[in-house]
Every structure is written in C-alpha cells, then in structure tokens.
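Trainee: Could you pick one part of this model and take me through it closely? I'd like to hear how it fits in with what surrounds it.

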Amino acid sequence: MSVEIFHQLGFRSQWNFQSLNNDHVGDSVILAPSHMERNEVESLSERIKYISLFDPQFFLPNVQKRKLATYNFFPDIVAEGFQTNEYSEGYSDECAIQCVAFQKSNNFRMVIIPTRYVSGMSSNYIPQQQQLFVTPFVNAIDQIGKDRPVLLQLVLNDDMIKDQEYAADLLNWITGITVIDGVYLIADINPRPKQLRDIDFLYAYLRFINALVVNNLYVLLGYLNTEAALLTLASPNGVTIGSYENLRMFNIRNFDSDVARTIRGPNARLYVSRLLQWIDTNYLGAIIRVLGNTDLFDDNHYKAVMFTPSYQWHFSKPELYKHYFLVFSQQLQYITSFQGADRYHVFCDLTEEALLHYAHLRELGVILDQDSDGSHLPTWLTAANLFAAEQGWR
C-alpha cells in the first residue's frame with residue numbers, strides 16, 4: 001500500500017492548493033488555524049474540507065495570535081486570556097466540545113484530539129495529556145457522536161523517543177486509548193539541522209512508528225523534510241510535505257505570540273531527487289558546467305521555467321516548492337509501491353546511487369557545503385540497516 005501524502009499548510013498555502021488541484025500532488029491537506037482565519041477555513045469548498053484534516057494547534061494554549069483568536073474554541077479565547085500558564089480542566093471541557101463540533105460541522109475527514117507542547121521528559125506528561133486533552137475530547141466525541149476516525153496528536157521530542165523506557169510507557173498509554181483510530185505524530189528536534197543525522201533518533205523513531213502500525217493504528221507523520229523517504233520503511237499511513245522550512249520541521253517558536261521577528265531570508269534551494277537533498281542554487285551553475293547538462297535535475301514544467309536564462313532564483317519563488325511537491329511525491333510513491341524488505345532495498349539503492357552522484361561531483365571539483373552535500377545519507381543508511389536487521393530484512 002502506497003503512503004498517503006498530506007500537504008502541511010502554513011504561509012502561502014495557495015501553493016499547496018494549486019499543487020493539489022493542478023498537478024494532482026497529494027491526497028489531503030492539514031489546515032493550519034495559525035495561518036488561516038476561521039472564515040477562510042469555513043469558506044473552503046466542501047470537496048477540499050472532506051479530504052482535509054484540521055489541526056487545532058493547541059501547542060501553546062495561552063498564546064495570543066490574531067488568526068487563532070478567530071476560533072472560539074481556542075483555549076486563550078475560552079479562558080478570556082490566561083492569568084497563568086495553566087490550562088485548567090474547566091476550560092478544557094468547553095474547548096473540547098466546541099473544537100469537536102467545529103471539526104464535525106465542517107465535515108473534515110477525521111477528528112483530531114490536540115496536544116500541548118512540553119519540553120524535556122516530564123514525569124507527568126502522560127497524566128497531563130490525558131487529563132487536559134484526551135479525557136475531555138473523548139467525552140466530547142461521546143457526547144456529539146463518533147462518525148469518523150479520530151487521531152490523537154502528539155508532539156514528542158527526540159529524548160522521549162530515544163529513551164526506551166519512556167517510549168514504552170508512551171506506547172502503552174497510546175494503544176490503551178480505545179476511542180482513537182490513529183496518531184498524528186510530530187517529532188520535535190532542537191536544534192534541528194536541515195537534514196536529520198542523529199542515527200539513534202532515526203532508528204528509535206522507525207521503531208516507535210512501527211510499534212504503532214503493528215497495533216493497527218493509522219499513523220500520520222507531520223512536519224517532515226525528506227527524511228520521510230527513510231521513515232516510510234516503518235510503513236506509516238501518511239506523511240507530510242511542506243513548502244518553507246518551518247513546515248518541514250517543527251519549531252514551537254512558530255506558534256508563539258504574533259511578535260515581529262527579523263529573520264534573514266535563506267538562500268534559494270532546489271530539491272534534487274537523485275541526490276535526496278535540497279541544493280543551494282549557488283551551486284547550480286558549477287554543476288551544469290562540469291556535467292555539461294542539466295540531466296541531474298528532475299525534469300518537469302517547473303524545471304523548464306526555472307532554468308530559463310531570465311529566471312531569478314529566490315527562496316520566495318513558488319516554482320521551487322511546487323517542483324519539490326511534484327518530484328518528492330513521485331519519489332515517495334515509487335518507494336512505497338514496494339513492501340517490507342523490497343521497500344528497504346529500493347530505499348538503499350536510491351541512497352547508494354545518490355552517494356555515487358556526490359562522489360562524482362566531488363571528483364569534478366564541485367565541493368558542496370554541509371547543507372547541500374550528502375553527509376546525511378550514511379546516517380540514514382545506518383538507521384535503515386539497524387531497523388531492517390530487526391525486521392529480518394537483512
């Protein structure tokens with residue numbers, strides 16, 4: 001079974017909708033209230049809402065963001081402003097009823113039980129999540145009626161996932177919640193490099209995902225970059241694609257209050273499937289000079305636009321991201337057209353071929369920096385091999 005592809009929406013979500021509608025990329029979208037006011041969400045077509053998920057984004061319940069304030073079920077609105085950082089049971093019951101009702105009245109594909117962001121490895125993480133989110137939302141679903149699948153959202157940091165005892169407690173808790181049909185799982189890695197290289201985390205994450213799948217839960221992985229290709233080895237049901245980097249990696253600062261931040265725009269980057277990497281466009285000219293052609297780069301109608309002499313590369317250009325959506329979704333569909341050991345071997349073949357391309361470019365004098373080279377790929381292969389050995393695939 002091929003993996004479902006969800007567009008992780010945020011700023012400039014029109015690019016995602018255009019990709020979905022015009023290029024037929026992806027199966028669904030995850031709506032983002034921090035970037036879409038309530039009337040924008042409610043005015044979406046019934047067809048789009050029917051295939052969409054709505055992420056309540058309760059990560060910071062006492063946050064004050066203008067667009068979140070348009071939803072009457074957001075905790076800070078229900079509580080009329082928090083006097084402390086506490087999100088009490090009294091508020092959680094009302095938030096749950098209104099949030100579930102909103103998701104059902106708009107006929108979204110599934111109901112999502114939200115979560116609160118917690119740093120570190122809190123000893124009361126499970127009872128807190130159970131008390132403030134799971135129990136109130138389960139009660140609300142029972143009261144309103146369950147007529148569609150329910151996903152439990154979780155934001156887990158890398159320490160939680162790597163610690164075997166902590167991860168085991170989480171799995172026991174999750175699999176014991178009988179009303180849920182799956183998990184919307186988000187990994188919080190801080191600091192987060194452009195490509196994940198932590199072998200221990202990647203291996204532990206593969207094992208955690210697989211444990212959920214083995215327990216017959218629908219598993220949707222959020223805020224993914226190209227490590228989605230590796231994580232498909234654990235057979236999740238859904239993975240996400242996003243445009244700007246803040247939609248391809250989770251960062252709690254993006255959900256803080258509406259505070260103006262001065263951030264220097266990143267260099268434009270082009271996703272190259274044969275390299276399993278986003279390449280700084282400063283290198284494109286050098287690569288073309290030594291190869292004598294642009295065959296290394298994925299060919300589609302966006303490439304035709306981007307490689308015209310008059311094109312001005314910039315990180316805000318939509319072609320970069322629509323190109324990525326199209327190319328990476330095709331790559332994911334190819335990998336996940338195989339199962340089990342075959343999928344593992346296909347992933348390894350693609351990764352080994354990418355490493356050969358990098359070696360060839362280096363021989364020709366193109367020395368890519370650490371954010372554009374293939375230094376993440378040996379760590380991916382190592383994590384894949386560890387997981388495969390555990391599965392009996394090697």
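Mentor: Contact here means heavy atoms within 4.5 Å of each other. Keep in mind too that this is a predicted model.

With that, a quick warm-up on Asn-16. This residue is found in helix α1, residues 14-22, and Asn-16 is buried, its relative accessible area being 0%. Leaving out residues up to four places away in sequence, Asn-16 touches His-7, Gln-8, Leu-9 and Phe-325. Leu-60, on the other hand, is 44 residues away along the chain, and its C-alpha atom is separated from that of Asn-16 by 26 Å.

Now for the part I'd really like to dwell on, helix α8. It runs over residues 164-175, and its 12 residues should span 16 Å at 1.5 Å a residue; the end C-alpha atoms are indeed 16 Å apart, so the two figures agree. At the N-terminal end, Asp-163 acts as the cap of α8, with a side-chain oxygen 3.2 Å from the backbone nitrogen of Glu-165.

Which residues of α8 are buried? They are Tyr-166, Ala-167, Leu-170, Leu-171, Trp-173 and Ile-174. Around the axis they cover an arc of only 165 degrees, so they sit on the same side of α8. The general background is handy here: an α-helix has 3.6 residues a turn, so residues three or four places apart point the same way. Flip to the face turned away from the buried side of α8, and you find the exposed residues Gln-164, Glu-165 and Asn-172.

What do the buried residues of α8 pack against? There are helices, α6 (125-144), α7 (158-162) and α9 (199-214), and there are strands, β5 (150-157) and β6 (182-188).

Those two strands take us to the sheet. It is an open sheet of 8 strands with parallel pairing, and the order is β3-β2-β1-β8-β7-β6-β5-β4. β3 and β4 stand at the edges with a single partner strand each, so one side of each has no neighbour in the sheet. For β4 that partner is β5, and the two pair in the parallel sense over 3 bridges. One residue to click on is Ile-113, whose bridge partner in β5 is Leu-152.

To finish, look at the charged side chains elsewhere in the model, where the count comes to 12 salt bridges. In one of them, Arg-109 meets Glu-4, with N to O at 2.8 Å. Arg-109 lies in the loop between α5 (89-105) and β4 (111-113), while Glu-4 is in strand β1 (residues 4-8), so this pair ties together parts 105 residues apart in sequence. Arg-109 itself is partly exposed, at 24% relative accessible area.

Another salt bridge joins Glu-37 and Arg-66 at 2.6 Å, N to O. It links distant parts of the chain, 29 residues apart: Glu-37 is in the loop between β2 (28-31) and α2 (38-42), and Arg-66 in the loop between β3 (53-54) and α4 (75-78). Arg-66 counts as exposed, with 52% relative accessibility.

Then there's Asp-147 with Arg-148, whose closest N and O atoms are 2.9 Å apart. Asp-147 is exposed at 52% relative accessibility, whereas Arg-148 is buried at 13%. Lys-104 joins these two in a network of salt bridges.

Technical notes:
Residues numbered from 1 in each chain as written. Predicted model: local features only at pLDDT ≥ 70, side-chain atom pairs only at ≥ 80, totals over all residues. Heavy atoms only, no water. Salt bridge = Lys/Arg side-chain N within 4 Å of Asp/Glu carboxyl O. Helix = DSSP H or I, 4+ residues; strand = E, 2+ residues; numbered from the N terminus. Buried < 20%, exposed > 50% of the residue type's maximum accessible area, 1.4 Å probe, protein only. Expected span 1.5 Å × (residues − 1). Arc of directions from axis to C-beta. Polar contact = N/O pair within 3.5 Å; in protein donor to acceptor, adjacent residues only side chain to side chain. Pairing = 2+ DSSP bridges.
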